[in-house]
Every structure is written in structure tokens, then in C-alpha cells.
Amino acid sequence: AMGTSELLFTVLAAMAPLTLVIAVMPLHFLKGGTAVPLAFLIAGMVMWALATGLLAQCADREHAGGFYRIIARGLGKPIGSGAALLALLSYNALQISVYGALGVYAGDFLESLTGLRVPWWAAALAALVAITWLGYRGINASARVLTVILLGELLVLALLVLRVYWVGGPEGFPTEVFAASQLQQPGIGAMF
């Protein structure tokens, strides 16, 4: 029922680029330090290789079945079923934690704007109601909302990139962060 652009924006929105920059990148820099830019390039190459293989496998399938069908065909149905169960449990645990984080951040944001203290669970419940309503309205309504949110996220990130580019850091733009020696720093494994 979804068109190509709706599917594209839904998948891109699921990657949550702004959330990753705010929540995950500080941890990367804490553990990886100046090796982060090189690590991002390596991670991008690995993701490109995996995406290429996945697309090649998906193009050869008659039915959509996600990773279960690919894993079951390659490693057998029991391992495919285990992978599906692991994905189900992981996504549900992630969803629960995201509601908690959203509640805390939204409550703090509302307090900074209005001075009104909103409990985390009230903000999380409001998000759950909104998401349930979008689910009831259908996937196309959700895709349209996600498209608007994603475009807003990308605009914020583009402004951040321009600010960093124009202002730079105390050392400007050092190229040594891309040297292979960066991968010998302590804590690099935790960053990856």
C-alpha cells in the first residue's frame, strides 16, 4: 500500500538520524576520541557491503519475509525462527526504552519552555496515544508524518554541519583523524 517515496522516508526515519547524533555520538567520542571520523567511514563501508548483499538476496526472492526468510534459507528454519524471535524481543525492548527516554526528554523540554513539570510517564503515554492513533489511521498517514519529522531532523543536522564547517574546532579541520593509527587507541572496541 506504500509508494516508493513513502517507504524510503519511513525507512530513513526509522534510522532516527537526529537521535543518533544526540544520544549515540557523544558515547562514540567518549570511547573513541579522535578515531570517530575514521570509524564512521569504516562502519559506512561495512553497511554498504551488507546492504549490497541484502539487496542482491532480496531481488532473488518471490515473497517478502524480511530477514527470517533470508536466514532460514541460508541456515535453516530453526535458526531463522530464533533470529525472528530475537528481533521481536530486541525491538520490543528498544521500543519500551525509547518511550521512557522520550518521556524524560519531553518532560524536561516542556518544563524548560513553560515551567510546568510533566511526569515522564505522562509524556510517554501521550506519545503512545499519538502512535496508536497513527497506527489506526494506516501506514500512509504514519509515512506522511514520518516524512515531515525526518525532513525537520535533516534540516537541523544540515544546520549543525554548516555551523561546524564555518566555525570549526580549535585546531580547524585536522586530517590526521583519518590516519590508520587512530585505530590503536584504547577504547576503540567499545566504540565499534
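**Close-ups of a predicted model**

**View 1. R69, a partly exposed arginine on helix α4.** With a relative accessibility of 39%, R69 counts as partly exposed, because that class lies between the buried cut-off of under 20% and the exposed cut-off of over 50%. As with everything in these views, this comes from a predicted model. R69 sits in helix α4, which covers residues 66–75. Look for G80 in this view too: R69 and G80 are 11 residues apart in sequence, and their C-alpha atoms lie 7.0 Å from each other.

**View 2. A nonpolar patch on the surface.** Here V104, Y105, W120, W121, L125, L128 and V129 come together, and their accessible area adds up to about 750 Å². Two elements each give two or more residues to this patch, namely α5 (77–114) and α6 (120–137). Of the contributors, α6 gives the most, with 5 residues.

**View 3. W121, one of the patch residues.** Zooming in on helix α6, we find W121. Its relative accessibility is 51%, so W121 counts as exposed; the cut-off for that label is over 50%.

**View 4. Helix α2 packing with helix α7.** Two packed helices are described by the angle between their axes and the distance between the axes. For α2 (residues 17–32) and α7 (residues 139–167), the angle is about 50° and the axes are 8 Å apart. That makes the pair oblique to each other. On the α2 side, P17, L18, T19 and V21 make the contact. Their partners on α7 are L150, E153, L154, V156, L157 and L160.

Conventions:
Residues are numbered from 1 along each chain as its sequence is written. This is a predicted model: local features need pLDDT of at least 70, side-chain atom pairs count only at pLDDT 80 or more; totals for chains, interfaces and linings use all residues. Side-chain values use heavy atoms; hydrogens and water are left out. Patches are made of residues with over 30% relative accessible area and no salt bridge: like charges are joined within 9 Å, nonpolar side chains (Val, Leu, Ile, Met, Phe, Trp, Tyr) within 5 Å. Accessible areas come from the Shrake-Rupley method with a 1.4 Å probe; for residues, only the protein chains shown count as cover. A salt bridge is a side-chain nitrogen of Lys or Arg within 4 Å of a carboxyl oxygen of Asp or Glu. Helices (H or I, at least four residues) and strands (E, at least two) are DSSP runs, numbered from the N terminus. Buried means under 20% relative accessible area, exposed over 50%, partly exposed in between (1.4 Å probe, protein chains only). Axes are lines fitted to C-alpha atoms, for helices over the stretch in contact, and angles run from 0 to 180 degrees between N-to-C directions. Angles under 35 degrees count as roughly parallel, over 145 as roughly antiparallel, 65 to 115 as roughly perpendicular and the rest as oblique. Contact means heavy atoms within 4.5 Å.
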